[in-house]
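Q: I'm new to this one and keep running into descriptive labels. Can we go through where they come from?

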Amino acid sequence: MIYRLDAVGKVYPSRRGGVTSLAGVGFDIAKGERVAVIGPSGAGKTTLFRLLNGTLRPSSGTLRFHNEDVAAFSPRQARAMRRRIGTIHQQSLLVPSLTVLENTLCGALGAWSLLHAVRTAFSPAGADTQRAMAALAQVGLVDKRDARADELSGGQQQRVAIARLVMQAPEVILADEPFAALDPALTDAIAQLLLGLAGTGRTLVCTLHDVERALALFPRVIGLRGGRVAFDMPSNAISQGMLDELYRGAPGEPADAAPSPSAREPAVAF
Amino acid sequence: MSPPSRSRFRRANVVGFAVAAVIASARVAEVRLSALLDPDSHQKVGAFVHGLFPPDLSLSFLRVAALAAARTVSIAVVGTVLSIAVALPLGILATATLFRRGPLFESEPRTPGGMLLSSLSALARALLGLLRAVPDLVWALFFVVGVGLGPVAGVLALAVSYGGVLGRVFADLFEDVDLRPLEALHATGATRLQIFLFAIWPQARPSAVAYTLYSFECCVRAAAVLGLVGAGGIGYEIALSMRNFDYGEIVPLVGALLVLVWLTDACSAALRRVMRANAPPGLLGHEHLRQGLPRRASRAIVLGAVAAIVLACTAGVGFFDRDAFDTSTVSRMAHFARGLFPPDLTPAFLRTVLEPVVRTLGISVIGTLLGVVIGALLGIPATAAHAEDDPSRGVAWLVRLALRRLCRIALSLLRAIPEVLWVLVFILAVGLGPFAGALALGVHTGGVLGKLYADTFEEVSPLPLRGLRATGATPLQILLWGAWPEARRMLISYTMLRWEMNLRTSTVVGIAGGGGIGIALYNTMQLGFYPQMATLTLTVYLLVAATGWIGDAIRRSFAPASHNVRRGRRRPRPTTRRPRESANR
């Protein structure tokens, strides 16, 4: 089991006692699974995502990664965990003043000693460069290797972020709204890239706004609402009624029109 | 009370307070206008000016001057290199976004080791503040006692004081980068130093390089001055000539200093262009380089040249001499350091500290005020904006243009000669004491502020001015109604910055005989009263810290929404242009 969540809760501190983002979330994710997480804005998708990638700690419950409790990790262990998890964000978070090649090399930082990193900053070793070039070939950006990251278009930047992921060679891929900033044509291309990467025995967890795509591409879908798991089942078992319920207006407010599974962007109530 | 009358009331308060402060400062700085009109002092200054000519241009003395200049450069180069060695580790450690707050810190588990690291980081920041606040000349005094007279003391003083300045700037730059790439690399499992190397440094590099080069320019000027307390180089030669009344030697020495400063500025400007230090991200600042030599080869050549120069300078300064760091030096330094503790905090001594502190404050206020007057008198004619696009191109226009050049030259001369040298001249005129210090400070500050005033006026958008000209306004009216309201905020903030710096400098000017806390510090050092010396140094630190705080408060009240003077940040950010740090010269 890669992930095992047991009654995980997350409360952000605030002036009035704290804001509950997740409460009593529990599920397992096995090796090689492809899971989509959907739900309205504010449902806790991003919090869940940050818990899974080890940059946030649960305030209650236990989150196990490879059967080890994440809360007990030392900084070194936490770093080792992050190294095994590759992350794709909504906008690619490249270092703007580095070249495409250098940004790709960054993916392997976790596997390097500081000395190796210093050396790479001045002149990367041939083997590393070759691996990075192979990663760039996979996303079709070999000819852009010397371009600066901030010269690229949004779709190209997202592809460099994926090349960095390839360089990192993680066992889990987490993607947080990877298509939110892309147009439909690019979305298909990037989705193919991500699924292709995941096809080689890696686990893929993806938060999505796009219900249709989630149902079409992912065998398992988790619906989050108000910080709780609303449903967690195979995508072909999910009915329109369940989706209506998931995207209904906030409790106590008049219900909004629920999107049909074919709507590209779900209407979001808040 | 209605808002307008309240603000008028407040303004009256501020003006009243300012006038009272100036009068009080004039008293403690012993301003005696009669001394300036006294025929006796005229005669002394006349004798000095007369003595300057003919300058001693004999070959043997020119060689002395050239050697002194080379030594000054060597001190500056080695001092800069060491200051980077101090600044970089402390600056990284002091970077809050790596160790104390922000997403990186919050996602790490709270461990005792992490807590220790974040308190070390806060400590590093405080240490940088201390290194920065104590003036370089005071550090030089410390090292002269510690390692003895000579260039090594000067180098160490530069390393420590400019290490503090640079380290703080580095930390600020490192904190200001885009944080999102940091999070992305953090998520790949990179360590904090790796994150620094691959996400912070690439983003901060252009500004960091620009500031380091600028700091080198400052080091050259400072190295010349440090000579006055015995660190060797041009300053030492000038002090020697003054003391021996060989005024004929002054002209070539000051000339060598001016050439040196000018050459340094030109070199660092060229280097900055080559390294594209100011290229804003995304504007392909690197494009040019790539077309030239292959990247790795050109980098190796530059690195090799820099290493050779640094090595030569280090040898020239005498770092490799066998007696530079023998065991007796170390034990002497340890003895001196032990002597500083505990500082003398007895009430009796603290009472005697009060008078020089007040006097130093007075010197800084009068000096800055004088600087504002001189700066305005020379800076306004030096502004090109209202001279350049005069359609008539008549005689009046030509006169204005000539006047502008003349004023610019005068300003750069005032600015190029350090305060400490001006003191030596003014001591001749009005005798030892705070008045000489205030005059010296004022003349130099006038040169700096005049240039800044003129530059600021020239940067005001020309369109409103053109509109005013179309209504038939005279140049002075255009300045008053068009440029002043636009530039006011900048002018005030530059002036306040300069006052803060003058407070620091007025302690330094005191060391050269300008009175105030500097002379007290010098005396305690000469007499070997080390605990008292420590107390005085702490006082300087507190004074400078307090001024920084007051200066910030005043700037805030004048410019509440100003974008370029941020709270707690003493230095304007360098952006795409050369750092606007000429304020510090």
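Q: Why are α20(B) and α21(B) called oblique to each other?
A: This is a predicted model, and in it helix α20 (residues 419-430) of chain B packs against helix α21 (residues 434-459) of chain B at an angle of about 135°. Over 145 would count as roughly antiparallel, and 65 to 115 as roughly perpendicular. An angle of about 135° fits neither, so α20(B) and α21(B) are oblique to each other. Their axes are 8 Å apart, and α20(B) passes α21(B) in a right-handed crossing.

Q: Which residues of α20(B) and α21(B) meet?
A: From α20(B) come B:E419, B:W422, B:V423, B:F426, B:I427 and B:V430. On the α21(B) side they meet B:F435, B:A436, B:G437, B:L439, B:A440, B:L441, B:V443 and B:H444. Sorted by class, that contact has eleven nonpolar, two polar and one charged residues. Gly counts as polar, so B:G437 goes in the polar group.

Q: What makes α8(B) and α16(B) oblique?
A: Much the same reasoning. The axes of helix α8 (residues 136-147) of chain B and helix α16 (residues 327-339) of chain B cross at roughly 130° and come within 7 Å. Perpendicular stops at 115 and antiparallel needs over 145, and therefore α8(B) and α16(B) are oblique to each other. The touching residues are B:V145, B:G146 and B:V147 of α8(B), with B:T329, B:R332, B:M333 and B:F336 of α16(B). By class, the contact has four nonpolar, two polar and one charged residues.

Q: Over to chain A: what makes β6 and β10 the edge strands of their sheet?
A: Each of them pairs on one side only. The sheet is open, with six strands in the order β6-β7-β8-β3-β9-β10 (chain A) and mixed pairing. At its ends sit β6 (85-88) and β10 (228-234) of chain A. Neighbouring strands are turned by 15° against each other on average, direction ignored.

Q: How do you know that β3 and β8 of chain A pair, and in which sense do they run?
A: At least two bridges are needed for a pair. Strand β3 (residues 34-38) of chain A has four bridges to strand β8 (residues 203-207) of chain A, so the test is passed. The two strands run parallel. As one example, A:R34 stands opposite A:L204 in β8(A).

Q: And how many bridges link β9(A) to β10(A)?
A: Six, in the antiparallel sense, with β9 covering residues 220-225 of chain A. A:V221 has A:M233 in β10(A) as its bridge partner. The hairpin of these strands has two residues between them, and A:G226 there takes a positive phi near 55°.

Q: Which helix packs on this sheet?
A: Helix α6 (residues 154-168) of chain A, which touches β6 and β7 (172-176) of chain A. Its direction makes about 180° with that of β6(A). Over 145 counts as roughly antiparallel, so that label applies here.

Q: What is the strand order in the four-stranded sheet of chain A?
A: It goes β2-β1-β4-β5, in an open sheet with antiparallel pairing. The edge strands are β2 (19-29) and β5 (68-69) of chain A, each pairing on one side only. Strand β1 (residues 3-12) of chain A pairs with β2(A) over seven bridges, and A:Y12 has A:V19 as its bridge partner in β2(A).

Q: How many residues of the two chains are in contact?
A: On chain A there are 30, and they touch 27 residues of chain B. Helix α2(A) gives the most to chain A's side, with six residues. By class, that side has 16 nonpolar, ten polar and four charged residues.

Q: Where does pLDDT stay under 50 in chain A and in chain B?
A: In chain A, over residues 250-270. In chain B, over residues 278-294 and also over residues 560-585. Where pLDDT is low, the predicted coordinates should not be read in detail. The mean pLDDT is 85 for chain A and 80 for chain B. Among the elements of chain B, helix α14 (residues 287-291) has the lowest mean, 43, and helix α4 (residues 59-94) the highest, 92. The model scores ipTM 0.83 and pTM 0.79.

Conventions: Residues numbered from 1 in each chain as written. Chains lettered and ligands numbered in written order. Predicted model: local features only at pLDDT ≥ 70, side-chain atom pairs only at ≥ 80, totals over all residues. Contact = placed C-beta atoms within 7 Å. Axes fitted to C-alpha atoms, helices over the stretch in contact; angles between N-to-C directions. Parallel < 35°, antiparallel > 145°, perpendicular 65-115°, else oblique. Left-handed = near helix turned anticlockwise from the far one by under 90°. pLDDT = per-residue confidence, 0-100.
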